[in-house]
Amino acid sequence: MGEGEGFHRKILEGAKRAVVKLGTSSITQENGLLDMEKMEKIVNEITAVMDRGIEVILVSSGAVGAGIGRLGLKERPKTVPEKQAAAAVGQGILVHSYEKLFEKHGKIVAQILLTREDVADRNRFLNARNTFITLLGHGVIPIVNENDTVAVEEIQFGDNDRLSALVACLVDADLLIILSDIDGVYTHDPKLDAEAELISVIENLNGYDRITSFGGLPGSRFSTGGMVTKFQAAKIATQSGIPMVIANALRENVLLDILEGKPVGTLFLPSGRLHAKKRWIGFGSNTCGRIYVDRGAERAIVENGKSLLPSGIIRAEGSFVVGDVVSVIGSEEKEIARGIVNYNAAEVEMIKGRHSDEIEEILGYRVCPEVIHRDNLTVTV
C-alpha cells in the first residue's frame, strides 16, 4: 500500500458508527434461497466489530430474493404485485434468520422498514432518526430494508444502495460500507478485460459517467442495481462528509480489515461535511417545483456558496408554497441545488430578475431578501 493510500485509509480507523449494506447476492444462493453460511459469516464479522465498541446499522437486501426462493419461482417477477408478494413472504424469513444468528452472540435485532416518504417528510425523518439513535443506545442492531410491499417506486428503481447512503446521513454515520459480489471499482469491466485494475481510492466523482460504465450488470438473477446505484450512494455519502467503501462480502474479515485501514475494496473520500438539515434538503427531500437561474446565480451558488436572490432567477415552475423544497436548475437544464423557499411560486414569478430592494414594492411586503437562504440551500452537483 502506497504512502498516499495509507494516509487516506486512516480516516476509517476512528469510525464509531458504521452502516453496512448487503446486496442480495451476498446472502443468497443461486436459486434465491438465503445462504445461511454467507449470512453467518457476515453476522460473525458484525459482532466482532460491535465488540470493539463500534455501532452497526445493517441495511440488507434479500427479502424479494428470499420470497422468490420460498415461492419456488425460477426468476425475479416482472410485475409490481408479484414483487410485492415476494417481498411480503421474504421479509419475515430474512429478519428471522438474522435474529437467530445474532442471538447466538447475545445480540438483539430490530426490523426497520422504510419508504422514500419516511425520509422525504422532515418530521418522519426526525422520528426515524430518534428511533435509530435509541436502538443503538440499547446496543440493538437495526436491520433496515425498503418497505417493498407498499413502496412501488422503490421496487421499480431497484436497490438499497441509495437507501443505505440516506440511512448513513440520517444517523450521522462515520462510514458507509457496501458489500457485494465485486471487489470494488475497476478501470474497466473485469469480466471483459483481464487487464482491468482495481481502483483503491477515488478522491472525487468527476469521472462518474466514465467509471460507472465499468460496473457491468447486476451479479445475480435475484438482485437489482449495479455500479451506477453504488455511485449514486457514493455521491450522497461523500458530499455529506461520510467516506464509503465498496468491497466483496466473501472476503474474510472484510469489515475489520476496512475499519483497520487496510487496502480493501474501493474507498470514496468525503468531499465536505454538510449539516444534518442540509443533508436532508439535498438528498432526502422531495421537491415541489423548479426555479431556473442564470449563469451568474449558478456560479454564486455552486462556486461561492451564496444564497439565491431574485435577480438571478429566470422563471419558476410548479405550485410550491413557502417552506417547500424546490430544485434549482442551472444553465444546462440540470439540477444544481435544492433549497427551502421563502416565497411561493406566484411570488417568485413576480419578483424574478428584480433586485431584492424591490420585493416590498412589488409584493407589498418582504419576508427576506433571499428567495432561498444559503443556510437552507444544498448544492447537488
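These notebook entries record what I looked up in a predicted model.

**Entry 1. Strand β1 and its surroundings**

I began with strand β1, which spans residues 17-22. I asked how many of its six residues are buried. The count is six of six, and the strand is therefore entered as mostly covered, buried being under 20% relative accessible area. I then separated the two faces of β1. Arg-17, Val-19 and Lys-21 lie on one side, while Ala-18, Val-20 and Leu-22 lie on the other. Both faces are covered, with each of these residues buried.

Next I looked up the pairing of β1. With strand β2 (residues 55-60), β1 pairs in the parallel sense, over six bridges. Within this pairing I noted Ala-18, which stands opposite Val-56 of β2. I followed the chain from β1 to β2 and found that it passes through helix α2 (residues 36-50). I recorded this β-α-β crossover as right-handed.

Strand β1 is also joined to strand β5 (residues 175-180). Here I found five bridges, and the two strands run parallel. Ala-18 appears again in this pairing, opposite Leu-175 in β5.

**Entry 2. Salt bridges**

I searched the whole structure for salt bridges and recorded 18. I went through several of them in turn.

One of the pairs starts from strand β1: Lys-21 forms a salt bridge with Asp-161, with 3.0 Å between the closest N and O atoms. Where do the two partners, Lys-21 and Asp-161, lie in the chain? I placed Lys-21 in strand β1 and Asp-161 in helix α8 (residues 161-170). The two are 140 residues apart, and the pair links distant parts of the chain. I checked whether Lys-21 and Asp-161 are buried or exposed, and entered both as buried.

I then turned to Glu-317 and Arg-315, whose side chains meet in a salt bridge at 3.5 Å, N to O. Glu-317 has 32% relative accessibility and so counts as partly exposed. Arg-315 is likewise entered as partly exposed, because its relative accessible area is 30%.

A set of salt bridges with shared partners joins Arg-52, Arg-251, Asp-257, Glu-260 and Lys-262 into one network. From this network I looked up the pair of Lys-262 and Glu-260, a salt bridge in which the closest N and O atoms are 3.4 Å apart. I noted Lys-262 as partly exposed because its relative accessibility is 37%. Glu-260 has a relative accessible area of 31%, so I noted Glu-260 as partly exposed too.

**Entry 3. Asn-248**

I located Asn-248 in strand β9 (residues 244-248). Why does Asn-248 count as buried? Its relative accessibility is 15%, and the cut-off for a buried residue is under 20%.

I then listed the partners of Asn-248, leaving aside neighbours within four places in sequence. The contacts are Ser-180, Asp-181, Ile-182, Asp-183 and Val-254. With Asp-183 I also found a polar contact, side chain to side chain, at 3.0 Å.

**Entry 4. Positive phi values**

I looked for residues other than glycine with a positive phi, since most such residues have a negative one. I noted two cases.

For Asp-172 I read a phi near 55°. Asp-172 sits in the loop between α8 and β5. Its relative accessible area of 25% is the reason I entered Asp-172 as partly exposed.

For Glu-333, which is not a glycine either, I read a positive phi of about 65°. I placed Glu-333 in the loop between β13 (325-329) and β14 (335-340).

**Entry 5. The five-stranded sheet**

Strands β13 and β14 led me to an open sheet of five strands. I recorded the order as β12-β11-β13-β14-β15, and the pairing as mixed. Which strands are at the edges? They are β12 (313-318) and β15 (377-379), each of which pairs on one side only. From one strand to the next, the twist averages 25°.

Finally I looked up one pairing inside this sheet. Strand β11 (residues 289-293) pairs with β13 in the parallel sense, over three bridges. In this pairing I found Arg-290 opposite Ser-327 of β13.

Definitions and conventions: Residues are numbered from 1 along each chain as its sequence is written. This is a predicted model: local features need pLDDT of at least 70, side-chain atom pairs count only at pLDDT 80 or more; totals for chains, interfaces and linings use all residues. Side-chain values use heavy atoms; hydrogens and water are left out. Buried means under 20% relative accessible area, exposed over 50%, partly exposed in between (1.4 Å probe, protein chains only). Helices (H or I, at least four residues) and strands (E, at least two) are DSSP runs, numbered from the N terminus. Two strands pair if DSSP finds at least two bridges between them. A crossover is right-handed if, with the strands pointing away from the viewer, the path from the first strand over the helix to the second runs clockwise. A polar contact is a pair of N or O atoms within 3.5 Å; within protein, one must be able to donate a hydrogen and the other to accept it, and residues adjacent in sequence count only if both atoms are side-chain atoms. Contact means heavy atoms within 4.5 Å. A salt bridge is a side-chain nitrogen of Lys or Arg within 4 Å of a carboxyl oxygen of Asp or Glu. Axes are lines fitted to C-alpha atoms, for helices over the stretch in contact, and angles run from 0 to 180 degrees between N-to-C directions.
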